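The following exercises concern charged side chains and their partners. Please work through each task before reading its solution.

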Amino acid sequence: MTAVQDTTAPVRETHAPVRDRSEAAPAASERAARLEAALGDPLDPDNPHGYLALLRADEARELPAATEALLAEAGLGAEFVPYDLGGRLTDLEELTRVLRPLFRRDLALGYGFGITSLFAACAVWTAGDEPQRRALAAHLLNGGRVTIVHREVAHANAILRNEVEARPRPDGGWVLNGHKDVVINAHRAEAFVMYARTAREDGPRSHSVLLLGPEPPASGEVRRLGRVEMPGMRGAHFSGLEFADVAAEPEALVGEVGEGVSLALRSFQISHCLIPGVVLAGVDSVLRQAVRAAVENRPDGLPARRWQKVLAGVFADLLACDSMAVTGLRAMSLLPEDAYLLAAAVKYTMPDLLREDLEELATVLGARGYDRGPLYGGFQKLVRDLPVAGLGHAGTAVCQAVLVPQLPALARTAWFRTPEPPAGLFQPGAPLPPFDHRRLAHSGTDDLLTATLVGAATRLARGRSGYADGSPHAVLAGLSQTFVAELRVLRARCAALSAPVGGTGFDAQACALADRYALVLAAAAVLGVWEGQAGSGSFLEEPAWAVLALSRIARRLGAVVPDLPDGVVGSVLGEVLGRCREGRSLDLYGTALAG
């Protein structure tokens, strides 16, 4: 790594150990359980890591020092380092499970403490040479931080505005000049992964990736600018950075010159699935708050009838979102060359679903939604935090730019032709091959989930004669055909799309088709996970949650949806109430929680 001035902490000079993948890492469920136990009961007012302490820290616009110290002692930074470089990262589904206890409590803490280091490091894990990978791994394993300096994206938020230019030197190195207005952890990161402009003209070869730090620069100055207060994630520290004639050595280059855009498309797949996958845990907490409010002072322990369908529906949405996120995360281990479109669709679809869920839960919470105490104060905090956590307009636009150009080719060559992916794609928690960042691609002609949709609908249709009319299985079979019919319409309409004038920008029709396509993929993920639970004996094996989830997705498409079979809402409601009573998570895993 080349140099950047370190104004915060000394760096220990070590090399990351190289480990054989055959050595077993502690199970993710065990690591998540240890972190959950260490963070303790979030409702305990005396818990230094509980909601009261976290909300007070948010009000003070700072991260809770006691909880940061706990996370450092637990070595959370090792979760972001590949296992063969001495860390604990073996696959992304495991990482998501480990991080959910943290994000269930506070998004700003999850970002501010370290997940940003992973997003920065992904480019190095993907295309860095061995010295770069080992040096950065050692830095993170020693408790250091690295942050990401994005390239400028048109019409984006403050995080994606402005950029740094890298001019070549005769010796093969670079001179860096420019600034970024908003960079998370800029005040205390000792190293930076920078998407710097290395060509004057725009285009796919306009930017390169440089790895700077943690040693001081040979010349020039890195200036940490003043803090920028954000409307959400108020505890996380955002500030500006200015680079004035900073020298970067030739070995700072990650990958090849001009490979920055390509590397972003490859490595950002991880954040596209990981961010929704961990943020979902925050909505889990709000649903738990809404259940608490709905059953308060109810002698029978049941919510009023007007809230039952809302609570069951949001729970079904969370399971649908988790199905999509976990499928995308598993795809990057099982089928990394074909995960590109799926990852973009996850990030494109889930923010809207989760925002709509919060709006529904606000009706249940009522005046409690404005409470600032530990029981219900997390609701308003999450509403503020979500857009800053990458689930706002800019993130959606980036994913839209990935999906829309692919629609005509998918319609002409992939839909109804791609073979189904392996069943293991839809089995949360099942063993995965080791994840290798270097296998990620940003192309591919197959469409994994539409093949699953068609296959599942066919299998349900074959068995439909054995189901009574109006039964959950029969309704599920009908709903699956609704989405297959939608895919046929999409195939005709997307095949007729023309390329955008000048090669940039998309018309409203193309964007609307991308919206509908992503919802079809969400439905496919639900069907895939539901089928994958056959024989498990769990609640997820039953069709009720899938029927409710698909009916809600179908309504978002404007499709005609049959009446829900008797018992569907009651079954899903019973599960969410039972999990809340038993202290289990409201995701696909149903894991035990502290408190």
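Two exercises on this predicted model follow, each with a worked solution.

**Exercise 1.** Determine where Asp-447 lies and which side chains make a polar contact with the side chain of Asp-447.

*Solution.*
Step 1. Asp-447 is placed in the loop between α12 (407-413) and α13 (448-463).
Step 2. The residue is buried yet has no salt bridge. Arg-491, the nearest side chain of opposite charge, is 11 Å away, whereas a salt bridge requires the nitrogen and the carboxyl oxygen to be within 4 Å.
Step 3. The side chain of Asp-447 instead makes polar contacts with the side chains of Trp-415 at 2.6 Å and Tyr-517 at 2.7 Å.
Step 4. Leaving aside neighbours within four places in sequence, the residues in contact with Asp-447 also include Leu-410, Thr-418 and Leu-521.

**Exercise 2.** Establish which parts the salt bridge between Asp-284 and Arg-104 ties together, and whether each residue is buried or exposed.

*Solution.*
Step 1. The two side chains, Asp-284 and Arg-104, meet in a salt bridge of 3.9 Å, N to O.
Step 2. Asp-284 belongs to helix α7 (residues 260-295) and Arg-104 to the loop between α4 (92-103) and α5 (107-127), so the pair ties together parts that are 180 residues apart in sequence.
Step 3. Buried denotes under 20% relative accessible area. Asp-284 is buried because its relative accessible area is 0%, and Arg-104 likewise counts as buried at 7% relative accessibility.
Step 4. The structure holds 43 salt bridges in total.

Methods: Residues are numbered from 1 along each chain as its sequence is written. This is a predicted model: local features need pLDDT of at least 70, side-chain atom pairs count only at pLDDT 80 or more; totals for chains, interfaces and linings use all residues. Side-chain values use heavy atoms; hydrogens and water are left out. Helices (H or I, at least four residues) and strands (E, at least two) are DSSP runs, numbered from the N terminus. Buried means under 20% relative accessible area, exposed over 50%, partly exposed in between (1.4 Å probe, protein chains only). Lys and Arg count as positive and Asp and Glu as negative; His and the chain ends are not counted. A polar contact is a pair of N or O atoms within 3.5 Å; within protein, one must be able to donate a hydrogen and the other to accept it, and residues adjacent in sequence count only if both atoms are side-chain atoms. Contact means heavy atoms within 4.5 Å.
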